[in-house]
Amino acid sequence: MRDFYLMRGLCAFVAWLGSLGVVYGQGIDTTAYHELSGVEVVAKSRPSVARAGTPLQVMERTDIERLGLRDLSEAVKRFSGVTVQDYGGIGGLKTVSVRSLGAKHTAVSYDGVTVSDAQSGQVDISRFSMDNVEMVSLTIGQSDDIFQTAKVYASAGALNIQTGKPLFEGKPFNAYVKLKGGSFGLFNPVLHYEQKLGTRWSASAHADFTRADGQYPYTLVNGGLVTEEKRKNSDIRSYHLEGNLFGNFGKGGELTFKVYYFDSERGLPGSINLYNKQVAERLWDNNFFVQSGYEKALGEKFTFRASLKYNYAFTRYLDVNDKYATGRQLDLNTQQEYYGSAGLLYTPTDRVSIALITDLTRSRLDNNFVDGPNPKRTDSRSVLAARYRDSRLTATASLLGTYIADKVERGETPADKKRLSPAVSLSWRPFPEANWRVRAFYKDIFRVPTFTDLYYLRMGNTNLKPEETSQYGLGVTWATAGERWLSRLTVSVDGYYNKVSDKIVALPTMYIWRMMNMGEVDIKGADVNLSAEFPLPFDIGMTLSGTYSYQYAVDITDPAEKNYKDQIPYTPRHSGTLSVTLEKPSWVNVSYLMTAVGDRYALPQNIEANLIGSYVEQSISINREFRFRGFGLRLQGEALNLGGVNYDVIQYYPMPGRSWRLSVCLSY
C-alpha cells in the first residue's frame, strides 16, 4: 500500500493535465507530413514520438540543458519503463534495464554503431559524457526506422546516443570550454572544438576530465541503531577523448570517422552490511575504439550504408581483503572486437521501403585465469525488413536471422546458436482529422549467453541455451499543438506483456554456484508519458513533463518455490518522474525535477529482510545565458536531493544525500 500512496499524487497530476488537453486541445496532427520547397536541412530532425509504432522517447540537447542533466544516467531515468541500476558514488557503475528484461537485453548505440561487451553483456553508461551529446532516444521493441544495424534489431530495447555534428553559421570554427565542480570533490573541465575544412570536410575534437573523491556522508540504520557514516573508497579519475571527421561529397555520399578513448581508475566502495568499512577494491578501465560509416544514394530508389568498427577494452580488478594484504585477487581481462555492417534500402514508392542488412562480428576475450578458455566468437546477423507509411498508417515487419559460433583454447566448446526472430508493429490514426493514434507491436528475440555465463571459472556452463523473450505491446498516443494557451501537448499510454523463458540464473550445486537455464518470468505493465508547453504572462514559457510506470514482474519458474509469483529483484511495482521548467531568456530559467520509486526487493523472495524502501528524490536547476560580441556565457547551478533523502538503488550501496553542482561554459 505504501507504493500506491507514493505514486497516487503523481498519477492524479498526469491524468489531470492529460484531461485538460483532451477537453480543450483542438489542433493539427503534429506528425503529418508537409512538403516544403527551397529549404536546406542543416540539422537532424526529431523522431516523431506520437507517430511511432513502438514506444519511443526522445530527449534533445535543449531538454538536457534545460533540466541541468550532467550524466547520461540522469537523462535515462527520465524515460518511462526504465530501471537504472546505480551502485552509488560519482563513478558508480550504471546499467540500463527496459521493462524488467535486464540490462543484457538493452542495446546501447553510439552514433549508429552498437557498443558491445562480450564479457558481461551489459554496458556501463557512466563512461559516456553528456557534453557532446545532441540527442538521446529510447526505443522499446523494434523501431520504425528499418535502416539500422542488425545488432539493434537483436535487442528488446535500444538506447541511442547521438553526438553533435558541426554547424557553421558564417564562421570557420566553433569552440567552447566548460568548467564544472560540486560536492564530494567533483572537478570536471571540458574542451570542445569544431573546424571547417573546406567545402566538403569538417572535424571536431572533444576532451573532458573527471575527478572526485566521492566521500559523501550517509545514515546507516541497523535495527534500532542509527549512525552517521562517510562513504569510503568511492573516488574516480577518468579521461575521455573523442575526435570526429565528417565528409560530405554531394552525390558521392557522406563519410564519418570517429576515434574514442576512455581511461578511468575508480574505487569500488562495496556494500555496507555488517559494518564493512575495510574496502580496497579497485577497478581500472581502458577502452579504445575507432568506427567509420559511409552512406550513398544509388539513384532515386536505392541507398547504401556501411559501418566498420574496431574495439579494444581492458579491465583490471584488484581486491585486497585486508590491510595486511593477506588475501589478494587480481583479474585482468582484455576484449577485442572487429565489426562490420552493410545494408541496402530500396524505396520503390514514397510509401514503401525495404531494407536488407548484414552484420558480422568477431570478438575475443583473454584473461589471466590459469588454464583459461580464452574464447573467440563469430556472430553473424542478417535482417530483412519492410515498412509501409502514409498519413494515417505506419506498419513494419522484420525477420532477423542469427548464427553464433564459439571456439575455445581449452575446455568444452558450446553448441552453435541459430535462430529466426520476427517482429511486427503498426501505428494507425483511425480518423483523418483525429490527433490520436493506436499502436501495437510484437517482437520475438533472444539473448545469447555471455562469455561470463559460459566460461567464468567454475560457475560457467557451456550447455546454456539462449534466454528467450516475447514482447507484446498495445498503446494510444495523442498530440496537439498551436493553441493560444497550449503550445504543445503529447500523451502516450502503453500496456505490455513480456514473457522470458530459459532465463539464465546462478544456482548452487554441490559445492559451488553454477549458471543454469532455470528461470521463467512473467511481466505485465503500463507506461504513461506526458509532455506539455504553455505560454505564460510576462514572456515566460512553462514546460511540464511526467512519466509513470507500473511493472508486475514475477518469477513463475516453480510453484513449489517460496518466491513463486514474487516480484523479481530490483524491480519497483510503481515509479515515476515529474519535471517543471519556467523559462524567461531575458532573466533566468528554473527547473524542478522529481523522481519517485516504490518498494523493491534485493533477492527473489519478497520478505521484509529483502525489502528496499521507496523514496522520492527532488532537485532544482537554475541557469542563465548571456550573449556578447559573438560569445556565449552560460551559468548553471544545481541542488540535488533537496530533501537529503537516505536511500539505496542497490541494497547496501547508499546514494549521496544533499549535494550541489556549478558550471560555467564559454562558447564562440
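Contact here means heavy atoms within 4.5 Å. The model described is a predicted one.

**Asparagine 132 and its surroundings**

By that criterion, and leaving aside residues up to four places away in sequence, asparagine 132 touches Tyr110, Thr163, Gly164, Tyr176, His192, His206 and Glu242. Asparagine 132 lies in the loop that runs between β5 (113-115) and β6 (133-140). Its relative accessible area is 8%; buried means under 20%, so asparagine 132 is counted as buried. The side chain of asparagine 132 also makes a polar contact of 3.5 Å with the side chain of glutamate 242, a residue that appears in the contact list as Glu242.

**The five-stranded sheet**

β5 and β6, the strands on either side of that loop, both belong to an open sheet of five strands. The order is β1-β6-β7-β4-β5, and the pairing is mixed. β1 (56-60) and β5 stand at the edges with a single partner strand each, so one side of each has no neighbour in the sheet. From one strand to the next, the twist averages 25°.

Within this sheet, β6 and β7 run antiparallel and are joined by seven bridges. One of the paired positions is serine 137, whose bridge partner in β7 is asparagine 160.

**Nonpolar cores**

The largest nonpolar core has 29 residues, of which Leu72, Val76, Ile125, Phe128 and Leu159 touch the most other members. At least two residues of this core come from each of α2 (61-67), α3 (72-76), β2 (82-86), β3 (94-98), β4 (106-110), β6, β7 (157-163) and β14 (254-268). β6 gives the largest share, four residues.

Isoleucine 125 has contacts with Leu72, Ser73, Val76, Lys94, Val96, Val108 and Leu159, again without residues up to four places away in sequence. A second core, separate from the other, holds 20 residues, including Phe147, Ala154, Val383 and Val521.

**Strand β28 and its partners**

Strand β28 (residues 589-597) has seven of its nine residues buried, so the rest of the structure largely encloses it. β28 pairs with β27 (residues 574-583) and with β31 (residues 615-628). β27 and β28 form a hairpin, with five residues between them. The table sets out the two pairings.

| Strand pair | Direction | Bridges | Opposite residues |
|---|---|---|---|
| β27 and β28 | antiparallel | nine bridges | valine 580 and tyrosine 592 |
| β28 and β31 | antiparallel | nine bridges | threonine 595 and glutamate 617 |

Strands of a sheet pair through backbone hydrogen bonds, in either a parallel or an antiparallel manner.

**Lysine 465**

Lysine 465 is also a loop residue, placed between α5 (451-455) and β23 (467-481). Its relative accessibility is 45%; the partly exposed class lies between the limits of 20% and 50%, so lysine 465 counts as partly exposed. Not counting residues up to four places away in sequence, lysine 465 touches Pro449, Asp502, Ile504 and Asn517. Proline 414 is 51 residues from lysine 465 along the chain, and the C-alpha atoms of these two residues are separated by 9.5 Å.

Note on methods:
Residues numbered from 1 in each chain as written. Predicted model: local features only at pLDDT ≥ 70, side-chain atom pairs only at ≥ 80, totals over all residues. Heavy atoms only, no water. Buried < 20%, exposed > 50% of the residue type's maximum accessible area, 1.4 Å probe, protein only. Polar contact = N/O pair within 3.5 Å; in protein donor to acceptor, adjacent residues only side chain to side chain. Core = buried A, V, L, I, M, F, W, Y, C linked by side-chain atoms within 4.5 Å. Pairing = 2+ DSSP bridges. Axes fitted to C-alpha atoms, helices over the stretch in contact; angles between N-to-C directions.
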